[in-house]
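New page in the notebook. I'm opening a structure I haven't looked at before and jotting down what I look up.

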Amino acid sequence: MSFNKVIGQDLAADLLKKAIEDNRLAHAYLFIGPEGVGKSLLAGIFAKALNCEKKETSPCEECISCKKISSGIHPDVATILPEGKSLRIGIDSIRKMEASMSLKPYEARTKVFIIDGADSMTEESANSLLKTLEEPPKDTVMILLASNLFKMQPTIISRCQKVLFHPLSERSIMKELVERYGLDEKKALCIARFSEGRLGKAVEVIEGRALEDRNRIIDDFLSPKQAGYEDTWLYGEPRDKVNEALNALAVYFRDLLVFGLSGDEKLLVNLDKAADIARDSAKFSAEKLEAIISSIAAAQEEIRRNANIKIALSFMRLNIT
Ligand SMILES: [Zn+2]
């Protein structure tokens, strides 16, 4: 897969290609952008290009090095991911990475370490990584992937070369969905809109359960069971999934507001639920909808600050019903 295959991220791809062509590599790159826009895809292509046996700018995908990297078994290319219930990158992962950096490469020209979710490093991890960034080992490239710079130490950010990733346009996602999955344009538009500029999200919608999850949370909160509020499926889910579901809920209520004010189905994000939205929007005043949307945002903030998920959601529900 060549650099140009990463849809909509030409600037980022060109910057990395040029670094290889000019043989001017930074020790560390920081890929910044929302989830699902191609950061880890491009990091993988970069790692392959740096080690491809054909030594051209784009990886050949056929040599042993490219194949090993694609299947995640190259001894000199590693990806570190958040772990555990809190989904953080802990000190053990960082120390393990630093230990393997200090060794000579087994077979690579350039060792590559990808830290996917660099904004979820613990403070201890970040401090340790900072020392490595201050004295980077030779023939090694670190690639940090992050969506939220506010969660990162400024000293780390300043020691990396920044590479910006952007949300994609609705058109380009739609085009990709039509080409890749053979969807008709109406369905492709509906999914492109729902995925809000993230191709990864759109693929998840098609291949996974994102729309099902959205329907579940809307049902949970708009038609709660008679028995009470004890059975919300979200209580046991990881925080980022709860956050994603609350986003979907907030967007649904925003659609109710938009439809109530405009009566125009074309403006909706949840195009596939236009009939439900027309029905539900009559049940709430604009003021009520605004209050609901801000209480969802407040619950998201609480959950981000590590509040108990059940308490935050129960409190939010009091404001919805
Ligand atoms: Zn190759």
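My notes cover the metal site, then the sheet, then the helices; I keep in mind that this is a predicted model.

**Metal site.** I started with the zinc ion and asked which residues hold it. Its protein donors are the SG atoms of Cys52, Cys60, Cys63 and Cys66, at 2.3 to 2.4 Å. Along the chain I read their spacing as C-x7-C-x2-C-x2-C. Next I checked the geometry: the angles among the 4 donor atoms run from 100 to 119 degrees, so I wrote down "tetrahedral", as every angle falls between 85 and 135 degrees. I also looked up Cys63 and Cys66, and both are buried.

**Sheet.** Then I traced the strands. There are 5 in an open sheet, ordered β2-β3-β4-β1-β5, and the pairing is parallel. β2 (77-80) and β5 (161-164) are the edge strands, each pairing on one side only. On average, neighbouring strands are turned by 20 degrees against each other, direction ignored. I zoomed in on β1 and β5, which pair over 4 bridges; Tyr29 has Gln161 of β5 as its bridge partner.

**Helices.** α2 (residues 39-51) lies across β1, β2, β3 and β4, at about 170 degrees to β4. α4 packs on the sheet too, touching β2, β3 and β4, and makes about 170 degrees with β3.

I finished with α5 (residues 123-134). At 1.5 Å a residue, its 12 residues should span 16 Å, and I got 17 Å between the end C-alpha atoms, which agrees. Its buried residues include Ser125, Leu129 and Leu133. The buried residues of α5 pack against β1, α4, β3, β4 and α6 (154-158).

Notes: Residues are numbered from 1 along each chain as its sequence is written. This is a predicted model: local features need pLDDT of at least 70, side-chain atom pairs count only at pLDDT 80 or more; totals for chains, interfaces and linings use all residues. Side-chain values use heavy atoms; hydrogens and water are left out. Donors are N, O and S atoms within 2.8 Å of the metal (3.2 Å for Na, K and Ca); water is not among the atoms, so sites may look incomplete. Four donors count as tetrahedral if all angles lie between 85 and 135 degrees; four count as square planar and six as octahedral if opposite donors are over 155 degrees apart and all others between 65 and 115; anything else is irregular. Buried means under 20% relative accessible area, exposed over 50%, partly exposed in between (1.4 Å probe, protein chains only). Helices (H or I, at least four residues) and strands (E, at least two) are DSSP runs, numbered from the N terminus. The expected span of a helix is 1.5 Å times one less than its number of residues. Contact means heavy atoms within 4.5 Å. Two strands pair if DSSP finds at least two bridges between them. Axes are lines fitted to C-alpha atoms, for helices over the stretch in contact, and angles run from 0 to 180 degrees between N-to-C directions.
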